[in-house]
Amino acid sequence: ISSPVINSVARTITSTKSITSVAWRVRAKDSTGAYSAYRTSPTYTINHNTAPTVTLATPSNNQTLYENDVYIIDGTVIDTNTGDTVTVRYQIGAGTERAIKAYLSTGALETFGKKLTFKGGKLYDGETLIAENLVDGVAHTLKIWATDDKGGTSTIVERTFYVVPNRAPLLTVNAPVISG
């Protein structure tokens, strides 16, 4: 008894958006040339969606923020699927995910930006608290990504940054020296 020969062939399914499902029909052939009956696979849904792509222009890692410094989140996003609703999001550490921009894709490059202010050991978007308890000497992480309404998610782009919170000044008064 000889083992069956399995021929695998890579197939490009289709880029025709009107075709939304696919099933395969296969049969086996043994060493004597005899064929088996055809077998049909389950039907699979074809997702023609392409995930958005994010490029971050925010300065490279290890930026240090001092009291009242502005942390600028700046970049571009593209979703080649015209008509998709795209949302660019960001997150500081394990904090709340927040939206920077939402738009209807035209297939063109879109810019996005956000300015966060570092005050009193916290990051603010205007008056809205974004991240608190940012500790001096610890690397903090900014994550940026985009999603579309068809389930596409870009690669997460990360930057690390450090903070130096404002410290109360120290005043030392020496014991008075009385003379004369």
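**Exercise 1. Place Gln91 in the fold, decide whether this residue is buried or exposed, and find its backbone contact.**

Step 1: Gln91 sits in strand β8. Strands here are DSSP runs of E with at least two residues, and helices are runs of H or I with at least four, numbered from the N terminus.

Step 2: With a relative accessible area of 12%, Gln91 is buried. The cut-offs are under 20% for buried, over 50% for exposed, and partly exposed in between, using a 1.4 Å probe and protein chains only.

Step 3: A polar atom of the Gln91 side chain lies 2.6 Å from the backbone oxygen of Gly95. A polar contact is a pair of N or O atoms within 3.5 Å; within protein, one must be able to donate a hydrogen and the other to accept it, and residues adjacent in sequence count only if both atoms are side-chain atoms.

Before you go on: this is a predicted model, with local features needing pLDDT of at least 70 and side-chain atom pairs counting only at pLDDT 80 or more, while totals for chains, interfaces and linings use all residues. Residues are numbered from 1 along each chain as its sequence is written, and side-chain values use heavy atoms, with hydrogens and water left out.

**Exercise 2. Work out the strand order of the open sheet that holds β8, and name its edge strands.**

Step 1: The open sheet has 5 strands, ordered β6-β14-β13-β8-β9, with mixed pairing. Two strands pair if DSSP finds at least two bridges between them.

Step 2: The edges are β6 (63–66) and β9 (98–104), each of which pairs on one side only.

Step 3: On average, neighbouring strands of this sheet are turned by 25° against each other, direction ignored. For such angles, axes are lines fitted to C-alpha atoms (for helices over the stretch in contact), and values run from 0 to 180 degrees between N-to-C directions.

Step 4: Zoom in on β8 (residues 85–92) and β13 (residues 140–148), an antiparallel pair with 7 bridges. Look for Ile92, which stands opposite Leu142 in β13.

**Exercise 3. Trace the strand partners of β7.**

Step 1: Start with strand β5 (residues 53–56), which runs antiparallel to β7 and is joined to β7 by 4 bridges. Val54 has Val77 in β7 as its bridge partner.

Step 2: Now take β10, also antiparallel to β7 and joined to β7 by 8 bridges. Here Val70 is matched with Thr117 in β10.

**Exercise 4. How many salt bridges does the whole structure hold, and which parts of the chain does the Lys150–Asp84 pair link?**

Step 1: The search turns up 4 salt bridges. The criterion is a side-chain nitrogen of Lys or Arg within 4 Å of a carboxyl oxygen of Asp or Glu.

Step 2: Lys150 and Asp84 meet through their side chains at 3.4 Å, N to O. This pair links distant parts of the chain, 66 residues apart: Lys150 is in the loop between β13 and β14 (157–164), and Asp84 is in the loop between β7 (70–78) and β8.

Step 3: Check the burial of both partners. Lys150 is partly exposed at 44% relative accessible area, whereas Asp84 is buried at 4%.

Step 4: Move on to Glu110 and Lys101, whose closest N and O atoms are 2.9 Å apart. Lys101 is partly exposed, at 22% relative accessibility.

Step 5: Next comes the salt bridge between Lys114 and Asp125, with closest N and O atoms 2.9 Å apart. Lys114 is in strand β10 (residues 110–119) and Asp125 in strand β11 (residues 122–125), so this pair ties together parts 11 residues apart in sequence. Lys114 is buried at 19% relative accessible area, while Asp125 is partly exposed at 25%.

Step 6: Shared partners join Asp84, Asp149 and Lys150 into one salt-bridge network.

**Exercise 5. Find the two Asn residues with positive phi, Asn68 and Asn133, and say where each one sits.**

Step 1: Recall the background: most residues other than glycine have a negative phi.

Step 2: Asn68 has phi near 70° and belongs to the loop between β6 and β7.

Step 3: Asn133 has phi near 55° and belongs to the loop between β12 (128–131) and β13. Asn133 is exposed, with 62% relative accessible area.
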